[in-house]
Amino acid sequence: MSLLTKSVDVPAFARTQLALLDLELQSEINETSGLISGTSPASLQRAGLAITNLVVSSQRTGLGGRTVLELAPDAATSSSGSTGELPEHGVRTGDIVLVAEQPAGSAKKREVRDLERKGARGVVIRIKRDAVAVAVDEDKEDATATFGGSSGSGSGSSARVWLVKLADDVTYRRMKQTMERLADMSESEYSAFTRVLFGLTTPSLVPSDLMNDAEFGDGKIEWFDPTLNESQKDAIRFALASKEIALIHGPPGTGKTHTLIELILQMVKRGLRVLVCGPSNISVDNIVERLSPHKVPILRLGHPARLLPSVLNHSLDVLTQTSEAGLIVKDVRSEMDAKQASIKKTRNGRERKAIYADLKELRKEYRERERRCVGTLVGGSKVVLATLHGAGGNQLRGEKFDVVIIDEASQALEAQCWVPLLSASKAVCAGDHLQLPPTVKSTNSKTKAKVTKEGDEKDKDGGIIKGASLETTLFDRLLKLHGSSIKRMLTTQYRMHEKIMRFPSDELYESRLVAADAVKERLLRDLPYEVQDTEDTSEPVIFIDTQGGDYPEKNEEEEDKEGKDGKGGGKKGSIRSLFGESKSNEMEAALVKQHVKKLVEAGVRPEDIAVVTPYNAQLGLLAPLKEAFPGIELGSVDGFQGREKEAVIVSLVRSNPEGEVGFLSEKRRLNVAMTRPKRSLVVVGDSETVRRGSKFLNNWMDWLENNADLRYVDAASIEA
């Protein structure tokens, strides 16, 4: 196919992304606002989206001059008895949340919405067993006066509040602005780099034999880590030699981040200025942690609330306090702290309002001094790290970088990648397009011929690309556009026993993966602590086959109908239906529990075991494992991407006469599930149902039957 037929109409691409992003944001907003006004606080807490019955126990000035509220369980309603601990919840550090006065059980929708409007948005910065701390958005600080001003004395005079997770519209705003800029560019404004990324020109040729290259060949590069394997060195040479774009394909356990660290150090050594981005804070912090021992001047941009504690020393907020320029900022902060403390002593709302007005002025001064300080720090940094959308903040406006490196590029929306790429001249993207793509919530994630009314108008001048989907990442699109000439793959993996690695390697990675000597034969019985040599600790792959349909799956709706109380069941169903129709399988849950028990009895520590399943309803059935074996980890397959454990048990759940497998047929999801373990993979499932789902599933079932330690279910032992 000639290049011209493969090239992308850039304005149409940008408009398509805008239409898809609108759909996505709308579905996220509908989900959260519908939840808040349409679902009781208790139901939202059960679903892991809220924490109820809290009071503001203290208020202080945090990093960046932000007001921090400490929220603790209300002693008057504490269901946790005298312990004062938070109930089980799904709120995580870095979540964007609403803190608002909690509606009464009898509150009407309008009243709930009113309380929501008066609430304060913020970011969760710390979670302890007995409290959660939230850094409140500037423009909502005076809202905190309505529900926490006179707290701290324990007098019970503060209002009862709750905290609910929200959609993150900042990310969408940045992506939209970037796509609008791209849509409005004339072709003469496209950089050579942009032209390559849309197939308007071909990438510059890289010498085919880099090993003998005069600049990057063997012996020409002094490695910071000489223990790198050949595929890692090859990927680094290729990324250094590429003029516009290089893709580094890192299958599970192949040391992708380790390779990127060496690449960054090599680039800095060559005098290049590097911007490093990732889709999530954790992906960026991971790089900061590994870069910091190398004493390179690095700067981490981002809300301090969302950074790992170990990374804070490199964060802009901390550096603005510890640098010389930052010391001038400190006295303003002390004054702000004094004002925050005086809020507790106020007698009425008027006094509180006056203090908030003073705080607003002080914050203005703080910001102005901080801005000057920030300019100095950013300008002097060789390596700047930020999330993809964080790279669109004011701090980087006008800053120029020689290279943009994007880690986990296959988990990022393409529009997100363009936030740092629009002003770039070279990029290196690392990821694995054969694992799960970014999560897309809008059910209509593919564009139809007509997307929106707005879309109809735009159809006249360039149109919208039909069939486009947010799930198609930049990594996917570039591979399809330019082929494997722009990619290098890492081939030595340091995680899995050779047998665990074998099927994904043969089926997905062209049989190119090689298990490193240190890992290829290690089993649970070889753990560095005492583990008995049993049939469960001496086999790397076990398949517990429930074939025959004797143990069928259940829908959540069926479970609700079976509930004793009709009303209660209905309500439970309504909250569950918010998360789609999930499946569970009681027999598989029992088999998983039995296997975990045997592993722990053999000496395997619960914290070295994970149970993963594609279905949230199944996780609900497995929840008692956490009490029975403290330290064990339970998770969805999607949530476990990027993680690893010594032993992983996968419950496939699906078992029905029709051979329906739903989203189990997504091979990228299965790839994630089967590549998490180091020493032991245990698959529990019904081979008769599962093999009918797809060719990939059929091949996997065949492989397991021929290569795994195959076990059939002894129903009597389970029932006993």
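A closed barrel of 6 strands turns up in this predicted model, with the strands following the order β1-β2-β5-β4-β3-β6 and pairing antiparallel. From one strand to the next, the twist averages 45°. Take the β3/β6 pair as a sample of the barrel's wiring: residues 96-101 of β3 and residues 161-165 of β6 run antiparallel and are joined by 5 bridges. Within that pair, Val99 has Leu163 of β6 as its bridge partner.

The other sheet to look at is an open one, built from 7 strands in the order β9-β10-β8-β11-β12-β7-β13, and here the pairing is parallel. The edges belong to β9 (298-300) and β13 (487-489); each has a single partner strand, so one side of each is left without a neighbour in the sheet. Ignoring direction, neighbouring strands in this open sheet are turned by 20° against each other on average. Inside the sheet, β11 (residues 403-406) and β12 (residues 427-431) run parallel and share 3 bridges, with Ile406 standing opposite Cys429 of β12. Helix α14, covering residues 414-421, lies across β8 (274-278), β11 and β12, and runs at about 155° to β11.

Then there is the packing. The largest nonpolar core has 59 residues, and the ones with the most contacts inside it are Met179, Leu182, Leu197, Ile245, Trp418 and Leu421. Helix α2 (residues 10-38) is the top contributor, giving 7 residues to this core. Domain 2 (190-297 + 384-444 + 470-490) and domain 3 (304-381) both supply residues as well, so the core lies between them. For a closer look at one member, Leu197 touches Ile245, Trp418, Leu421, Leu474, Arg477, Leu478 and Leu481, leaving aside residues up to four places away in sequence. Apart from this core lies another, of 38 residues, which counts Leu652, Val690, Met701 and Ala708 among its members.

Zooming out to the whole chain, the tally is 26 helices and 23 strands. Of the 720 residues, 55% are buried. Contacts reach well along the sequence: among those between residues at least 6 apart, 76% join residues at least 24 apart. As for the surface, the chain exposes about 31700 Å², with carbon and sulfur atoms supplying 49% of that area.

Notes
Residues are numbered from 1 along each chain as its sequence is written. This is a predicted model: local features need pLDDT of at least 70, side-chain atom pairs count only at pLDDT 80 or more; totals for chains, interfaces and linings use all residues. Side-chain values use heavy atoms; hydrogens and water are left out. Two strands pair if DSSP finds at least two bridges between them. Helices (H or I, at least four residues) and strands (E, at least two) are DSSP runs, numbered from the N terminus. Axes are lines fitted to C-alpha atoms, for helices over the stretch in contact, and angles run from 0 to 180 degrees between N-to-C directions. Contact means heavy atoms within 4.5 Å. Buried means under 20% relative accessible area, exposed over 50%, partly exposed in between (1.4 Å probe, protein chains only). Accessible areas come from the Shrake-Rupley method with a 1.4 Å probe; for residues, only the protein chains shown count as cover. A nonpolar core is a set of buried Ala, Val, Leu, Ile, Met, Phe, Trp, Tyr and Cys residues joined through side-chain atoms within 4.5 Å. Domain bounds come from an automatic or database domain assignment.
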